[in-house]
Amino acid sequence: RPLDGTVPVISALPVGAVFLLVGILGFIPGFTSNTEHLGMAGHHSGSMLLGTFQVSVLHNIVHLLFGIAGLTLWRSAVAAKRFLVIGGVIYLVLGFYGVFIDQASAANFVPVNSADNVLHFALGVGMAALGLILGRSAAPARRPSPAPRARPRSRAARPRRTRVSPTPASPSTRRQPAPKSA
C-alpha cells in the first residue's frame with residue numbers, strides 16, 4: 001500500500017532525511033568542530049557535531065545508513081513501521097550501551113558522550129513510539145483464506161434418484177408390435 005498516509009509513512013521520510021543530513025554535517029567544518037581530529041572510530045575522536053555530540057567517521061556513517069534506510073523504506077507503511085521500530089530499538093540499545101560503558105575505554109568505539117546518550121534515548125523512544133503506537137494501522141494485510149472447495153459426496157450421502165414411471169401412452173401413439181413373419 002504505497003503512500004497510504006499512515007503515520008509511519010509520513011514520519012519515516014523526515015526521520016530518514018534528518019539522519020542523512022546529520023551524517024553529512026558530521027563531516028563539514030563549521031557544523032562539526034575539530035574536523036582535523038575526526039577519527040575513524042573510537043573515543044579519541046576530538047570532533048564534536050554542533051559543538052555537543054562526539055562524532056567519528058563510523059558514527060557519521062551510521063547516521064548516513066539510517067538516513068538512506070529511511071529514505072528508501074518510507075513509501076511502504078509496513079517497511080516504514082519496521083524502519084521506525086527497529087531503528088528505535090537500535091538507538092535505545094545504543095543509549096544503554098553508552099551509559100554502561102566507560103567512555104574513556106576502547107569499548108567506546110562509536111564514540112558516544114553523555115549528550116549522545118540522551119539523544120539516543122530520545123531517538124529510540126520517539127522512533128519506536130511512531131512505529132508501534134501510531135502505526136497500528138500499518139499491520140500487514142492478511143490474505144483472506146481461500147473458500148473451501150466443495151467435496152464430492154460419497155455414494156451413501158448422495159440423494160437417491162427416484163425413477164419416474166412413464167405416463168401411459170394413448171392408443172394412437174402406442175407402438176404396435178411388428179408382425180411375425182411366417
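A residue counts as buried under 20% relative accessible area, as exposed over 50%, and as partly exposed in between. Phenylalanine 31 has 40% relative accessibility, so phenylalanine 31 falls in the partly exposed class. Keep in mind that this is a predicted model.

Where does phenylalanine 31 sit? Its place is the loop that links helix H1 (7-25) to strand S1 (32-33). Phe31 also belongs to a nonpolar surface patch, along with Ile24, Phe27, Ile28, Leu50, Ile61, Leu65 and Ile68. Together these residues offer about 710 Å² of accessible area.

Helix H2 (residues 57-73) gives the patch its largest share, 3 residues. H2 also has a buried side to its story: Val57, His59, Asn60, His63, Phe66, Gly67 and Gly70 are buried there. As for its length, H2 has 17 residues and spans 24 Å from first C-alpha to last, close to the 24 Å expected at 1.5 Å a residue.

Now for the chain as a whole. Going along the sequence, you'd read the pattern α-β-β-β-α-α-α, which adds up to 4 helices and 3 strands. Here are some chain-wide numbers:

| Item | Value |
|---|---|
| Buried share of the 182 residues | 33% |
| Share of contacts (separation of 6 or more) made by residues 24 or more positions apart | 63% |
| Share of accessible surface belonging to carbon and sulfur atoms | 66% |

The accessible surface behind that last row comes to about 12500 Å² for the chain.

Terms used
Residues are numbered from 1 along each chain as its sequence is written. This is a predicted model: local features need pLDDT of at least 70, side-chain atom pairs count only at pLDDT 80 or more; totals for chains, interfaces and linings use all residues. Side-chain values use heavy atoms; hydrogens and water are left out. Helices (H or I, at least four residues) and strands (E, at least two) are DSSP runs, numbered from the N terminus. Buried means under 20% relative accessible area, exposed over 50%, partly exposed in between (1.4 Å probe, protein chains only). Contact means heavy atoms within 4.5 Å. Accessible areas come from the Shrake-Rupley method with a 1.4 Å probe; for residues, only the protein chains shown count as cover. Patches are made of residues with over 30% relative accessible area and no salt bridge: like charges are joined within 9 Å, nonpolar side chains (Val, Leu, Ile, Met, Phe, Trp, Tyr) within 5 Å. A salt bridge is a side-chain nitrogen of Lys or Arg within 4 Å of a carboxyl oxygen of Asp or Glu. The expected span of a helix is 1.5 Å times one less than its number of residues.
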